[in-house]
Amino acid sequence: MRALLLNPGPVTLSERVRKALTGPDLCHREPEFAGLQNHIRERLLKVYGLDPKRYAVALLTGSGTAAMEAMVASLVPEDGSLLVIENGAYGERLSKIAEIHGIPTIPIKFEWGGRIDTQRLKLALDEHEAVSCLAVVHHETSTGRLNDLAPVARLCAERGIRLLVDGVSSFGAEDLRFDEWNLAAVAAAANKCLHGVPGAAFVIVRRDALPDDKERKRTLYLDLSTYCREQDRGGTPFTQSVQCFYALAEALSEFEEQGGWRARHDKYAALAKQTRDGLIKLGINSLLPEGASSVVLNAYLLPKGVTYQKLHDHLKSHGFVIYSGQGRLAQSIFRISTMGEITAADVDRLLAAFKALGA
Ligand SMILES: *Cc1c(COP(=O)(O)O)cnc(C)c1O
């Protein structure tokens, strides 16, 4: 049986994206590769209608964390510091990355799954007046919380702070207002809402936020200035994962044909609601109130007396792979994402499998 992936990436592929993986062998120094890479970079900007003079795409080989690390290591100025909003596992990862690169880091901790308290954030910014950058996760996949970026962006704009966003699990399905929020960079990946395969990641960066080559670099492989410079010329600093790029190009064609991020948002929203309503009928409640979660993923409380392992194995035997909680939520929740090639009929079958558990 074909197992459907309901984990938050990698996603269940469409047949056309899977087939794209078998494209011709290609050297990354040949014009055919430059064409493929240019095409992907242009279309990634079009997802949110960005001006190529203002924003550039650095297309990397790696998972989403490579894009997070490239963003943080490349864009916090040499003498700068970073304030990080933490309300889940990925916010904590942003801090860890910054600390590893020796960046003075100020974590502002909120409850896992909780909202960002703008008043507390404001006080923290008052206290750390010299801070140059702020990093935040848009969709905090560890809990499903969709962080409201508008007030964060406003505070950053007032104070001239560079805003760096982990959009790995929201890019392509949630609203990202690059210009209105004056985003300095958004990190994302091919294998979440864009429905590509794991192995390609990218950072969309405001060109004026790229440091010049006089600044000391913290990283060779993940330096965004190098990527943007080389890729603007049709080159690449290092070997890229050509097959992943084929798949991403095909996934972007499919994405455009299906109506772009708004259509994908609506499709996910309908599937998430169907799942949520069905589970609530079975007595399984969500971790967050309706409306607090992204459309991409919802976290649910494990039914009484059912361990995650038992639930996971039961659903897997019915052809569905779900996802556990992370960190402090590992014992109490499970997560369901409806990214990828998933239909309403699939969700009906999933709900039937839950029912068969008799929880
Ligand atoms: C998936 C994800 C990442 C990247 O994780 P990888 O395991 O490196 O793919 C980063 N941030 C968020 C919010 C994610 O959901």
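## The largest pocket

The largest pocket is lined by 19 residues, and those lying nearest its centre are Gly 64, Thr 65, Tyr 90, Val 168 and Lys 192. Two elements, H3 and H4, give two or more residues to this lining. H3 provides the largest share, with three residues. Please keep in mind as you look around that this is a predicted model.

How much space does the largest pocket have? Its volume is about 260 Å³. Sorted by class, the lining of this pocket has eight nonpolar and eight polar residues, along with three charged ones.

## The ligand and its shell

Where does the ligand sit? You will find the ligand in the largest pocket. It is surrounded by 13 residues, and the closest of them are Ser 63, Thr 65, Thr 141, Asp 166 and Lys 192. Thr 65 and Lys 192 are thus named among the closest residues to the ligand and also among the residues nearest the centre of the pocket.

Two helices each supply at least two residues of the shell: H3, which spans 64-75, and H4, which spans 89-100. Of the elements, H3 gives the most to the shell, with three residues. H3 is likewise the source of the largest share of the pocket lining, again three residues. By class, the shell around the ligand holds four nonpolar residues, six polar ones and three charged ones.

## Polar contacts with the ligand

Let us go through some individual contacts, beginning with the oxygen atoms of the ligand. A polar side-chain atom of Thr 141 lies 2.5 Å from a ligand oxygen. For Gly 64, a backbone N or O atom is placed 3.4 Å from an oxygen atom of the ligand.

Which kind of ligand atom lies 2.7 Å from a polar side-chain atom of Asp 166? Here the partner is a nitrogen atom of the ligand. As for cover, the ligand has 380 Å² of accessible area on its own, and the protein covers 85% of that.

## Enclosed cavities

Now for the enclosed spaces. The structure holds two cavities of 30 Å³ or more. The largest cavity has a volume of about 90 Å³. Its lining includes Ala 73, Ser 74, Val 76, Pro 77 and Glu 78, together with a second stretch of the sequence that includes Pro 211, Asp 212, Glu 215, Arg 216, Lys 217 and Arg 218. Asp 223 also lines this cavity. By class, this lining has seven charged residues, four nonpolar and one polar.

The second largest cavity contains about 30 Å³ of space. Ala 272, Thr 275, Leu 297, Asn 298, Tyr 300, Ile 336 and Thr 338 line this cavity. Helix H9 (260-281) and strand S11 (297-301) are the elements that give two or more residues to the lining. Which of the elements gives the largest share of the lining of the second largest cavity? That is S11, with three residues. The lining of the second largest cavity has four nonpolar and three polar residues, and no charged residues.

## Backbone details in two loops

Two spots along the backbone are worth a visit. A cis peptide bond joins Gly 9 and Pro 10, with omega at about -5 degrees. Pro 10 has its place in the loop between strand S1 (4-5) and helix H1 (15-20).

The other spot is Asn 182, which is not a glycine and yet has a positive phi of about 50 degrees. Where is Asn 182 found? This residue is in the loop that runs between strand S8 (162-166) and strand S9 (185-189).

Definitions and conventions
Residues numbered from 1 in each chain as written. Predicted model: local features only at pLDDT ≥ 70, side-chain atom pairs only at ≥ 80, totals over all residues. Heavy atoms only, no water. Near = heavy atom within 4 Å. Polar contact = N/O pair within 3.5 Å; in protein donor to acceptor, adjacent residues only side chain to side chain. Areas by Shrake-Rupley, 256 points an atom, 1.4 Å probe, with all protein chains shown as cover. 1 Å grid on protein atoms, 1.4 Å probe; cavity = no way out; pocket = protein on both sides within 12 Å on 5 of 7 lines; lining within 4 Å. Sits in = over half its atoms within 2 Å of the grid points. Helix = DSSP H or I, 4+ residues; strand = E, 2+ residues; numbered from the N terminus. Nonpolar A, V, L, I, M, F, W, Y, C, P; charged D, E, K, R; others polar. Points joined across faces, edges and corners; volume = space filled by probe spheres on them.
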